Structures are given as C-alpha cells and as structure tokens.
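Colleague: Got a minute? I'd like to go through this one with you and ask how you know what you say about it.

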Amino acid sequence: MNKNIAIFTLTSELHDEKSVGAVTHKFLGSLGIEYELKGNDYSDYGAACLNLIYVRTGGTEGIFLKLLPELQAKSNRPFYLLTSGKSNSLAASMEILSYLRQHNIQGEIIHGSPEYITHRICLLQKVEEARRILKGARLGIIGQPSDWLISSHADKELVKARLGIELIDIPMEAMYRNKDIYESLKTVIAEYQLQGFTLRCFDLLTTLKNTGCLALAKLNAEGYVAGCEGDVPAMLTMMIVRSLFGISGFQANPSNINPDTGEMLFAHCTIPLDMVERYELDTHFESGIGVGIRGYMKEGPVTVFKVSGDLSRHFIAEGTLVHNQAKPDLCRTQQVIQLADKNLVQYFLTNPIGNHHIIMPGHQKELLEKILM
C-alpha cells in the first residue's frame, strides 16, 4: 500500500455495510491511485502525506462534526472530501464543506469522473509532498538584500507560519573566509544547514573583484536554491518551484515588454547549469569584470512565477520561450518569452511584485495555484 495517501471513511449507521462496501470497492477500484484504506479509524489522521475523507453516504454530517476537533488537532491541512455521489454522499459533503467555510476552515470536495478524481488526487499529493519539503527548510539571507531592492524583503514570521520555512540572517563576512566564492558558499551551507540562500552578490565586485554568477549556477544545479542580490521573495519563489517540481528556476529581470503582443525579454547574468542546453562564459554585464553566464535554455513552454515577501500576492503566467539571444548591451542570459495571455503584461506595468521573476520549463500554473491556497 502507498503510505503517502490515506483514505478515511464516513458512513451513516442507517446504511447497509454490505451494499456500501460494494460501492466502495467499485468506486475506489476505478481510481488510478495507490492508497491505504483506514476505514473509520482516525487515530493516525494526518500522518500520511495526503489524507482523504471518503464520505460514503448521506447523514454523516454530525459524525464529521464530532470528529472535527480531533482532526484539527492532528493536522492543519485542508479537509479533502472524496465522494462517489452514491447514497446522498455528495449532498452530505456539500453540507460539511459549507460548515467548514462558515468557520474559515479550508476544504474541497473531490467529485467527478474517475479520470478527474485521479488527476485531482495526484495533484493534491504533489502539493502535500511539496509542503512537507518546505516545512522545516532553512534558507539563508547572506548579507541582506541589495540596497536597490527596496520592495524585496520578507515577513519572516508569516513565511514560517504559512510555509514552515525558517529565514536566517547570515553576515556577509561569512563569504570572506575562503578565497573561492563557490567554496565559501558550500561552507556557509554546511555551517548553517541550509537548503538554499540568497546572496548580496554585488558586494563581491568590490571586495573580491569577482562575481558569484558561476558559483550560483553550479549550486542550483546541485539541488540548492541559490538566489541573487539578496532578493528574499525571489528565493522563496525558487524554493516553492524546487519543492513542487524538483527543478531549478531562472531568476531574471524583465528588460523589455511589448504591451501590444505580450512578448517579453528577460535577462540575468547567471542561470542554473541544469536548466540550459549549453552555455558560454562572459564578463558580468554591469561591471565588466568577473564571470557572467550566457545560457541557452530549450525553447518551448515556460511559466513565469513570483510570490511576495508576505505571501499575500503571487503572479503566474504561462508562455513560450520563443528564442534565446545574445546581445552585448544586456545581462548575459537573455530569453524572449511570449505570454499565452498578452493582457498579463499589464501586471508588470501596473502592479509588479518587485523586478526579479522566476522562469521554469513547462506549463505549471495548476500546481502553483494549489500550493498557494
């Protein structure tokens, strides 16, 4: 049995168990998932990654209400009510969900065709697995955000409460104990037990006469979240991407926008090496010193994503990487992206969440929306 999905049941005593059991067997058997059926024993509710409450019949609203305090004590996740629709189970699920909403408790009814239900459960499982990765994660802020990032800070308490991520301030001096920037970052990661960090990298230009671009590109490819310029919301965005999809994200600035067509140019001087088909080394654009990376990512579907530092807002846009370019007057990695909905460019011009946004391969809006609920 798959310990990641547990199914608990709600059944009215007025219904015959034999007939209800036959419906249960047929219904659950139609779903393309592996699960552990717990029945009406809720003693380890919340222990599995995804916990589903299968409302098998009507008349179960009162049973759920009595269980609610115990279930809330065991888990703070939304209540996922699975129903076949047989024996008035959908009606009971709607009554239960209405009660939850009245009391500001999150929940969802999972009902529909076997294909829809299977898709929804698989999506929810990925989201809950990602939340377990995020809970307890430690992310470092090395040297604080760059001075020009006046909107790119974060509310540490809210981040800890909502995502379980601990944000740790680390002095910039920690970067100067080793001569090599990559080795210094590896030392900091080990010392502070980090899953990722954002670095006030422009300070390295004056102190070490070098850049962090190559080190960040390598560390992202090794599975860490490695962000630029001390941008905390960008780092959080990258951490969400890695927890959900196990992939790196490209932190980039919008450099040009065509409001008429929805085409945008994004650029930055580093990109995770596991995101590109090939790359070239150049100088850092603004300073002309050190190492910058010109990476060429595979053309095709992409998603542009950003969360705010207090997690109150987010932006998601699907699109297509039309082509990579290599003009000399921009940060070295340059991507021309056509947004699927051209009207979304107005967000960048009227209500942006800072300047940096995260680009990832594939169309990922559905999962990203769900984890931010």
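Modeller: Sure. Let's start with strand S3 (residues 50-55) and strand S4 (residues 79-82), which pair in the parallel sense over 3 bridges. Keep in mind that this is a predicted model.

Colleague: What makes S3 and S4 count as a pair?

Modeller: Pairing takes at least two bridges. S3 and S4 have 3 bridges, so they pass. In one of these matches, isoleucine 53 has leucine 81 of S4 as its bridge partner.

Colleague: And which sheet do they belong to, in what order?

Modeller: An open sheet of 5 strands, ordered S2-S1-S3-S4-S5, with parallel pairing.

Colleague: Why are strand S2 (36-39) and S5 called edge strands?

Modeller: Each of the two pairs on one side only. As for the twist, neighbouring strands in this sheet are turned by 30° on average, ignoring direction.

Colleague: What packs on that sheet?

Modeller: Helix H2 does, touching strand S1 (5-10), S3 and S4, and its direction makes about 145° with that of S4. Helix H3 lies across S1, S3, S4 and S5, running at about 165° to S5.

Colleague: How do you describe the way H2 and H3 pack?

Modeller: Two packed helices are described by the angle between their axes and the distance between the axes. For H2 (residues 61-74) and H3 (residues 89-102), the angle is about 35° and the axes are 9 Å apart. H2 passes H3 in a right-handed crossing. On the H2 side the contact is made by Glu61, Phe64, Leu65 and Leu68, and on the H3 side by Ala91, Ala92, Glu95, Ile96, Tyr99 and Leu100. Sorted by type, that gives 8 nonpolar, no polar and 2 charged residues.

Colleague: Let's look at glutamate 108 in strand S5 (residues 107-110). Is glutamate 108 buried or exposed, and how do you know?

Modeller: Buried means under 20% relative accessible area. Glutamate 108 has 11%, so it is buried.

Colleague: What makes the link between glutamate 108 and lysine 370 a polar contact?

Modeller: The cut-off is 3.5 Å between N or O atoms. The side chains of glutamate 108 and lysine 370 are joined at 2.7 Å, which is within it. Glutamate 108 also touches other residues, including Phe79, Tyr80 and Arg120.

Colleague: Which residue in strand S13 (residues 292-297) would you pick to compare?

Modeller: Arginine 294. It has 10% relative accessibility, and the limit is under 20%, so arginine 294 counts as buried. Its side chain has a polar contact of 2.7 Å with that of aspartate 282. Among the residues that arginine 294 touches are Arg278, Tyr279 and Thr333.

Colleague: How about the barrel: which strands close it, and in what order?

Modeller: 6 strands, in the order S10-S11-S16-S15-S14-S17, with antiparallel pairing. The twist averages 45° from one strand to the next.

Colleague: How do you know that S10 (residues 250-258) and S11 (residues 263-268) pair?

Modeller: Again, at least two bridges are needed. S10 and S11 pair over 5 bridges in the antiparallel sense. One match is asparagine 258 with glutamate 263 in S11. Next along, 6 bridges join S11 to S16, and histidine 268 stands opposite threonine 333 in S16. Another 6 bridges join strand S15 (residues 314-325) to S16, with leucine 321 opposite isoleucine 337.

Colleague: What makes you say that S16 (residues 333-339) is mostly covered?

Modeller: In S16, 6 of its 7 residues are buried.

Colleague: Last topic, the loops. What is notable about phi of glutamine 193?

Modeller: Phi there is near 55°, a positive value in a residue other than glycine. Glutamine 193 sits in the loop between helix H6 (181-192) and strand S8 (196-199). Glutamate 229 has a positive phi too, about 65°, and is not a glycine. Its place is in the loop between strand S9 (225-228) and H9.

Colleague: Which of the words "buried" and "exposed" fits glutamine 193, and which fits glutamate 229?

Modeller: Exposed means over 50%, and glutamine 193 has a relative accessible area of 57%, so it is exposed. Glutamate 229 is at 7%, which is under 20%, so it counts as buried.

Note on methods:
Residues numbered from 1 in each chain as written. Predicted model: local features only at pLDDT ≥ 70, side-chain atom pairs only at ≥ 80, totals over all residues. Heavy atoms only, no water. Axes fitted to C-alpha atoms, helices over the stretch in contact; angles between N-to-C directions. Helix = DSSP H or I, 4+ residues; strand = E, 2+ residues; numbered from the N terminus. Left-handed = near helix turned anticlockwise from the far one by under 90°. Contact = heavy atoms within 4.5 Å. Nonpolar A, V, L, I, M, F, W, Y, C, P; charged D, E, K, R; others polar. Buried < 20%, exposed > 50% of the residue type's maximum accessible area, 1.4 Å probe, protein only. Polar contact = N/O pair within 3.5 Å; in protein donor to acceptor, adjacent residues only side chain to side chain. Lists of a residue's contacts leave out its neighbours within four places in sequence.
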